Amino acid sequence: MGILSWIVLGLIAGLLAKVLMPGRDPGGFIITILLGIGGAFVGGWVGTQLGIASFNGFTLQGVLVATGGAVLLLVLYRLLRKA
């Protein structure tokens, strides 16, 4: 996938992660986008390592894996902000 596809996928994943884990996070929309993009990369890497996902295109499986990665990053972000 091209970099623009990763950004769009990350945006969707970040928004879905925010819907799944609502709350008042500093940074708002920008942090959500960045966490989503990072989640797309993390989720894609973890999914590929576990053999449950591979990114061959913009698919529902890719969105779900990226959203899982974004949720993971959002949890870590919130834990670090509390500390």
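**Exercise 1. Decide whether A66 is buried or exposed, then place A66 in the fold.**

Solution.
Step 1. The relative accessibility of A66 is 0%, so A66 counts as buried. The cut-off for buried is under 20% relative accessible area. Keep in mind that this is a predicted model.
Step 2. Look up the element. A66 sits in helix α3.
Step 3. Find a partner far off in sequence. G36 is 30 residues away from A66 along the chain. In space, their C-alpha atoms are 7.3 Å apart.

**Exercise 2. Describe the fold by its elements.**

Solution.
Step 1. Count the elements. The protein has 3 helices and 0 strands.
Step 2. Read them in order. The pattern along the sequence is α-α-α.
Step 3. Add the ranges. Helix α1 covers 3–20, α2 covers 28–50 and α3 covers 60–82.
Step 4. Add the burial. The protein has 83 residues, and 36% of these count as buried.

**Exercise 3. Work out how V65 is placed relative to A40 and A13.**

Solution.
Step 1. Start with V65 itself. This residue belongs to helix α3.
Step 2. Check its cover. V65 has 16% relative accessibility, so V65 counts as buried.
Step 3. Turn to A40. V65 and A40 are 25 residues apart along the chain. Their C-alpha atoms are separated by 7.2 Å.
Step 4. Turn to A13. This residue is in helix α1. Its relative accessible area is 0%, so A13 is buried.
Step 5. Link A13 to V65. The two are 52 residues apart along the chain. The C-alpha separation is 8.6 Å.

**Exercise 4. Find the largest cavity and say what lines it.**

Solution.
Step 1. Count first. There is 1 cavity of 30 Å³ or more.
Step 2. Give the volume. The largest cavity holds about 40 Å³.
Step 3. Name the lining. It is made of G14, A17, K18, T32, L35, A70 and L74.
Step 4. Assign helices. At least two lining residues come from each of α1, α2 and α3. Helix α1 gives the largest share, with 3 residues.
Step 5. Sort by class. The lining has 4 nonpolar, 2 polar and 1 charged residues. Gly counts as polar in this sorting.

**Exercise 5. Which residues form the nonpolar patch on the surface, and how does L16 fit in?**

Solution.
Step 1. List the members. L4, I7, V8, I12, L16 and F58 form the patch.
Step 2. Give the area. Together they have about 500 Å² of accessible area.
Step 3. Pick out L16. This residue lies in helix α1.
Step 4. Classify L16. Its relative accessibility is 36%, so L16 counts as partly exposed.
Step 5. Test L16 against the patch rule. Members need over 30% relative accessible area. L16, at 36%, clears that cut-off.

Terms used. Residues numbered from 1 in each chain as written. Predicted model: local features only at pLDDT ≥ 70, side-chain atom pairs only at ≥ 80, totals over all residues. Heavy atoms only, no water. 1 Å grid on protein atoms, 1.4 Å probe; cavity = no way out; pocket = protein on both sides within 12 Å on 5 of 7 lines; lining within 4 Å. Points joined across faces, edges and corners; volume = space filled by probe spheres on them. Helix = DSSP H or I, 4+ residues; strand = E, 2+ residues; numbered from the N terminus. Patch = residues over 30% accessible without salt bridge, like charges linked within 9 Å, V, L, I, M, F, W, Y side chains within 5 Å. Areas by Shrake-Rupley, 256 points an atom, 1.4 Å probe, with all protein chains shown as cover. Salt bridge = Lys/Arg side-chain N within 4 Å of Asp/Glu carboxyl O. Buried < 20%, exposed > 50% of the residue type's maximum accessible area, 1.4 Å probe, protein only.
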